[in-house]
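Dear colleague,

I am passing on the structure below, and my notes on it follow underneath. Please read them with the model open beside you.

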Amino acid sequence: MTTKINAPEAILDAIGGPENISSFTHCATRLRFELKDASGVNNDEIEKIPGVLGAVPQSGDRYQVIIGGGVANVYNDMVKLPQMKNFHGGKSNADVKDEMRAKARGKYAWVDTFFEFLSDSFRPILGVLLGASLIIALAAVMEALHIQNFHDPNKGASWVFIDAMWRSVLYFLPVMVAYNAAKKLKVDGWLGAAIMLAVMTPEFGALKNAADTVKTTSSTLGGDFYTAHVFGLPMQLNDYGGQVFVPLFMAVVLAGVYRTLKRIIPEIVHMVFVPFFSLIIMIPLTAFLIGPISIWLGSGLGAGLAWLNGNAPFIFAILIPLVYPFLVPLGLHWPLNALMLININTLGYDFIQGPMGAWNFACFGATAGVLFLAIKDRDKTMRQTAAGALAAGLLGGISEPSLYGIHLRFKRIYPRMLAGCLAGGVVIGILGIPTGGVKTSAFVFTSLLTIPVFTPMLTYVIAIAVAFFTAMILVIISGYRTPEQQAEFIAQRDSEEGVATATATAAEAGAPASAEDGSVATLAPVTTAVLAPVAGKVISLEETGDKVFASRALGEGVGVVPASGHIVSPVSGKVKTVQKSGHAYGITSDTGVEVLVHVGIDTVEMKGDGFEPKVAKGDIIEAGQPLVDVDLEKVQAAGYPTTTLVVITNTRAMSSVEPRVGMDVQAGEEIISATK
């Protein structure tokens with residue numbers, strides 16, 4: 001009888017229970033732990049828990065479990081577990097998060113703080129931004145089909161209302177950012193929102209029509225500027241709709257004012273006078289100083305990027321998609337996203353999102369390649385992960401499920417994805433020369449649904465298609481797992497499928513499918529002697545000096561310090577894998593034991609030099625039959641240990657695996673006993 005796994009409880013057990021947790025919180029996609037001792041946490045076990053996209057050990061005893069969009073639910077369910085009762089001692093999620101970040105500072109703490117501030121100012125509104133971008137895409141499709149021209153100033157009320165549906169988000173974006181930024185700095189979020197709303201009211205806009213307002217035209221940035229005289233002081237009037245630099249700078253200044261007021265005003269009247277003085281100080285300060293300076297700064301940065309795009313469009317088109325894959329995982333992409341919004345407000349269009357689309361679709365293409373291989377390899381877990389991530393990407397333009405769930409877990413993916421980014425950028429750089437690149441007049445998430453908002457659309461479609469299929473094909477051709485990871489996966493899959501087949505066979509033969517208590521019927525145990533592949537001294541995996549093997553992530557086993565370079569098969573069975581470099585062999589014994597013979601440590605770097613394989617994938621071999629001849633002197637001269645590792649990669653399918661270490665053996669003597 002199958003038991004449903006409780007993911008929160010399984011995660012808690014896998015990390016060592018509440019007693020191993022110092023602090024615990026979550027962000028947009030991940031559970032974040034500060035553990036007392038992270039050395040005993042098994043990544044592989046955690047990643048097998050349903051709903052877990054990946055696990056990421058970090059420096060010290062910090063540990064992250066990647067969940068995706070449902071992380072808040074998993075966090076809340078975990079907090080509600082009986083064993084987690086009163087765990088935080090009254091601390092809020094935000095308090096714990098701040099404590100964790102304080103411990104996790106890099107060399108320059110202010111850099112970490114700056115990017116956390118940017119990220120947390122935008123992340124809570126990703127959902128409404130995505131919703132608005134899809135409404136924009138819908139409008140673009142209707143325009144492309146000649147249903148309605150949304151640029152027509154005389155369009156009917158129904159179409160004006162559709163405009164209002166997405167403009168509501170982008171126009172009042174400064175208010176949302178101000179709220180989040182103020183909260184991030186431990187200031188009343190509504191206070192930050194009220195200050196931004198003050199310079200967005202109809203009354204503020206009407207100052208342009210005052211008798212003493214002066215109109216000027218900027219020759220540097222272009223456009224008309226209005227200066228009103230309020231209490232005898234000049235005030236530059238700006239349309240603050242859609243601006244993001246203004247609320248960010250305002251929130252920083254507000255935080256200083258707010259804390260000062262709380263110190264000097266008696267606590268008994270904080271509720272009245274702290275907001276009062278904050279408003280009468282910050283609204284004029286924002287209108288007279290912070291707003292105009294932020295507008296000019298943002299416009300200047302946008303103009304600088306526009307200059308680069310106009311004077312070196314080929315370099316710009318390649319640079320953006322190649323930079324984004326490194327910015328997004330760290331949350332450092334928010335400044336560029338802010339500039340996109342500024343470009344739309346100052347120039348009427350943006351030129352960054354087009355090249356950025358090449359990165360996004362290269363990311364999704366790599367995920368599609370993983371999905372193809374997962375289907376081919378009968379990998380149910382990765383198939384589900386990749387399918388969900390690909391749907392989120394192609395339909396929503398969201399890269400995080402692909403990045404955190406797949407790409408950052410498998411180091412082979414990033415180079416293939418970067419090749420897709422480069423290819424897409426080159427296409428935009430070449431085809432976009434006559435038009436000055438790919439542009440859009442709306443801020444959108446780059447997905448299949450938002451393609452119509454980019455012009456020229458054909459250039460954009462060709463570029464993202466090239467990026468997508470380049471990354472996908474490269475991942476399919478070369479794989480996304482290392483040879484060791486692939487060998488472990490195949491061994492585990494074949495073992496699980498073998499157990500299922502054996503159970504079915506027993507049922508067909510008349511054996512009971514289950515015991516009276518509902519458990520699966522137990523098959524008769526079979527013990528396999530795994531023999532030494534070479535003469536030498538048998539040592540434990542810890543003594544080999546390889547952390548991966550020592551962790552037992554690939555299974556239980558031993559190392560043999562070889563006395564010769566003549567390596568033979570430790571079991572009779574079928575050769576499942578042979579690495580091109582000739583240093584590693586996966587063999588399935590006749591009794592279903594999956595054995596990995598790995599000659600030397602890090603010898604994959606020798607690229608086959610000094611290795612002469614004697615078998616090929618698919619060969620049926622006997623124990624003692626030659627696998628490979630190795631030039632041990634050449635291996636040692638290259639600086640690599642010659643220790644040959646013998647590991648049972650489907651250890652979890654065994655009832656017992658007993659290594660025999662600390663002895664000298666001849667080839668063919670038993671070194672491991674495996675019972676299935």
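**Confidence and two residues**

Over residues 505-522 the pLDDT (the predictor's confidence in each residue, from 0 to 100) stays under 50, and for this stretch the model has twelve contacts (heavy atoms within 4.5 Å) beyond four places in sequence. The chain has a mean pLDDT of 82, with 86% of its residues at 70 or more; over residues 89-107, however, the value is below 50, and that stretch has 30 contacts in the model beyond near neighbours in sequence.

This is a predicted model, in which local features need pLDDT of at least 70 and side-chain atom pairs count only at pLDDT 80 or more, while totals for chains, interfaces and linings use all residues. Residues are numbered from 1 along each chain as its sequence is written, and side-chain values use heavy atoms, with hydrogens and water left out.

Gly 425 is part of helix α18, residues 413-431 (helices being DSSP runs of H or I of at least four residues, strands runs of E of at least two, both numbered from the N terminus). Its relative accessibility is 0%, so Gly 425 counts as buried (under 20% relative accessible area, with a 1.4 Å probe and protein chains only). Setting aside neighbours within four places in sequence, Gly 425 contacts Ala 317, Ile 318, Pro 321 and Ala 358, and its C-alpha atom is 9.3 Å from that of Gly 354, which lies 71 residues away along the chain.

Asn 650 sits in the loop between β20 (644-648) and β21 (656-659), where it is buried at a relative accessible area of 2%. A polar atom of the Asn 650 side chain lies 3.0 Å from the backbone oxygen of Gly 592.

With best wishes

Note on methods
Buried < 20%, exposed > 50% of the residue type's maximum accessible area, 1.4 Å probe, protein only. Polar contact = N/O pair within 3.5 Å; in protein donor to acceptor, adjacent residues only side chain to side chain.
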